[in-house]
Each structure stands twice: as C-alpha cells, then as structure tokens.
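Biologist: I am new to this structure and would like to be guided through it. Please show it to me before I put my questions.

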Amino acid sequence: MTNPVKTGLLQPRPGFLTPIYRELRPLEHYLLRDHLLRLSPESRVFRFGSPVSERLINSYCRNEGRPMPIICGAFIGDTLRGVVELRFDRSLPRYFAELGISVEDDWQDIGIGSRLMELALRCARDNGIARLEVNFLPHNVAMRRLAWKFGAGFSHQTGLTKGIFTLKDPNFAAVAGSKRPQ
Ligand SMILES: CC(C)(COP(=O)(O)OP(=O)(O)OC[C@H]1O[C@@H](n2cnc3c(N)ncnc32)[C@H](O)[C@@H]1OP(=O)(O)O)[C@@H](O)C(=O)NCCC(=O)NCCS
C-alpha cells in the first residue's frame with residue numbers, strides 16, 4: 001500500500017516543508033553533531049551498532065587525525081534532519097569508503113533515507129569510489145531494506161551485517177564534464 005505521508009513529502013504540497021538534499025560544505029560539518037545527538041537512543045544504537053554516549057559522539061564528530069568525510073544531508077527548513085556520510089580510512093585505498101546513514105526519528109519511513117542513498121551513491125561515483133560498505137545490526141530491517149533496494153550484496157560477520165555496494169563505473173570525470181575518454 002502506498003504510504004500517504006511518503007507520497008506527500010516526495011510530491012511537495014502546500015503546508016509541507018520539502019526536504020532539500022545536498023552535500024554539506026566542510027564548514028557545515030559541525031551540524032552533524034547536533035543531528036546525531038537528536039537521534040533517539042534506539043536510533044543511535046542502530047547507527048553505531050552499540051550504545052554511544054554524547055562524549056563519544058563529540059569525539060566522532062571531531063574526526064581528529066582522520067581523512068575528511070563526504071557528508072550529504074536532508075535539510076527540513078534550516079535543520080539537518082537526515083545525514084549520509086562517506087568515510088575514508090587512511091590505511092585503505094581512497095576508492096574504498098564506509099557509509100553511515102541516519103534520519104531523525106520523527107522523519108523516518110517517509111522516503112528521506114532513500115533519497116539520501118541516491119545522493120550518496122552519486123557522490124561516491126563522482127569521487128571515484130568503487131567500493132562502499134555499510135555495517136549494521138542484523139535486526140535493522142529499515143537499513144537492510146534500504147541497502148537491498150540500492151543493490152548491495154550482503155555478508156555476515158559476528159554480530160553485524162555488511163552491505164557492500166560495488167560501483168562499477170565511477171563517473172567523476174564524466175560528471176565534471178571532462179572530455180577524457182571514459
Ligand atoms: C535506516 C534509516 C536511515 C532509513 O531511513 P528512512 O528515512 O526511514 O528510509 P525510507 O523512508 O527511505 O525507507 C527505506 C525503506 O525501509 C523501510 N522502512 C523504513 N523504516 C522501517 C521500519 N521501521 N521497519 C521496517 N521497514 C522500514 C521503508 O518502508 C522503505 O522500504 P520501501 O522503499 O520498500 O518502501 C533510518 O531508519 C535510520 O536513521 N535509522 C537509525 C540509524 C541507522 O539504522 N543507520 C544504519 C546503519 S549506518
């Protein structure tokens with residue numbers, strides 16, 4: 001059955017604030033912290049795979065000593081209500097990234113996660129990322145559904161499920177308008 005709220009948000013109607021989806025500028029990365037702190041304890045567990053304190057979120061968002069992530073968001077009004085992060089690891093090649101995604105509780109299940117995934121996969125291709133992984137708890141039905149919908153393969157490790165996206169045609173040059181042979 002069609003979810004009327006989902007349909008309503010995807011097809012903007014008077015009285016509804018339409019989410020704006022876009023990549024955050026590095027100067028806006030600080031917005032991530034408040035978004036993560038607004039998640040319910042359950043959503044935080046789903047996001048990080050275990051309970052995380054405010055202190056840990058602060059430290060995660062400082063991102064000290066780690067490569068700068070790519071962060072895309074869904075803004076409703078001025079507030080960042082949904083986020084997808086592409087994170088890099090210094091010990092791994094740059095074409096490999098880990099994805100983390102979160103939508104604030106009151107805004108879940110109305111299509112925002114799906115739009116963020118679309119944006120993340122486009123950004124990943126634009127940045128030459130060939131392999132993207134998302135780790136989640138096995139009973140995280142929404143994340144499993146989302147990963148499956150966007151073509152992930154799955155592997156199972158102790159306590160976690162890994163969704164793997166293989167991006168066959170990273171197309172950053174084409175998107176940038178390059179005439180270089182693809
Ligand atoms: C996972 C998450 C990002 C999905 O975001 P969302 O905005 O709810 O996603 P959508 O509304 O686009 O829904 C995606 C799919 O999941 C399904 N879904 C959403 N919430 C669900 C729920 N609670 N139970 C079952 N299915 C659910 C939707 O029906 C949809 O399936 P469909 O496209 O076949 O209709 C969101 O639930 C969330 O932030 N969870 C906490 C953080 C987290 O789990 N992160 C993942 C690990 S990094």
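Biologist: By class, how many residues of the shell around the ligand are nonpolar, polar and charged?
Modeller: This is a predicted model, in which local features need pLDDT of at least 70 and side-chain atom pairs pLDDT 80 or more, while totals for chains, interfaces and linings use all residues. Residues are numbered from 1 along each chain as its sequence is written. Ala, Val, Leu, Ile, Met, Phe, Trp, Tyr, Cys and Pro count as nonpolar, Asp, Glu, Lys and Arg as charged, and the others, Gly among them, as polar. The shell has eleven nonpolar, eight polar and four charged residues.

Biologist: Which element gives the largest share of the shell around the ligand?
Modeller: The shell holds 23 residues, each with its C-beta atom, placed from the backbone, within 6 Å of the ligand. Elements are DSSP runs numbered from the N terminus: helices (H or I, at least four residues) and strands (E, at least two). Those that give two or more residues include helix 3 (41-48) and strand 4 (96-103). The largest share, six residues, comes from helix 6.

Biologist: How many buried residues does strand 6 have?
Modeller: A residue is buried if 20 or more other C-beta atoms, placed from the backbone, lie within 10 Å of its own. Strand 6 (residues 153-157) pairs with strand 7 (residues 160-166) in the antiparallel sense over five bridges, where pairing requires at least two DSSP bridges. Strand 6 is hardly covered, and among its five residues the count of buried ones is zero.

Definitions and conventions
Buried ≥ 20, exposed ≤ 12 C-beta atoms within 10 Å, placed from the backbone.
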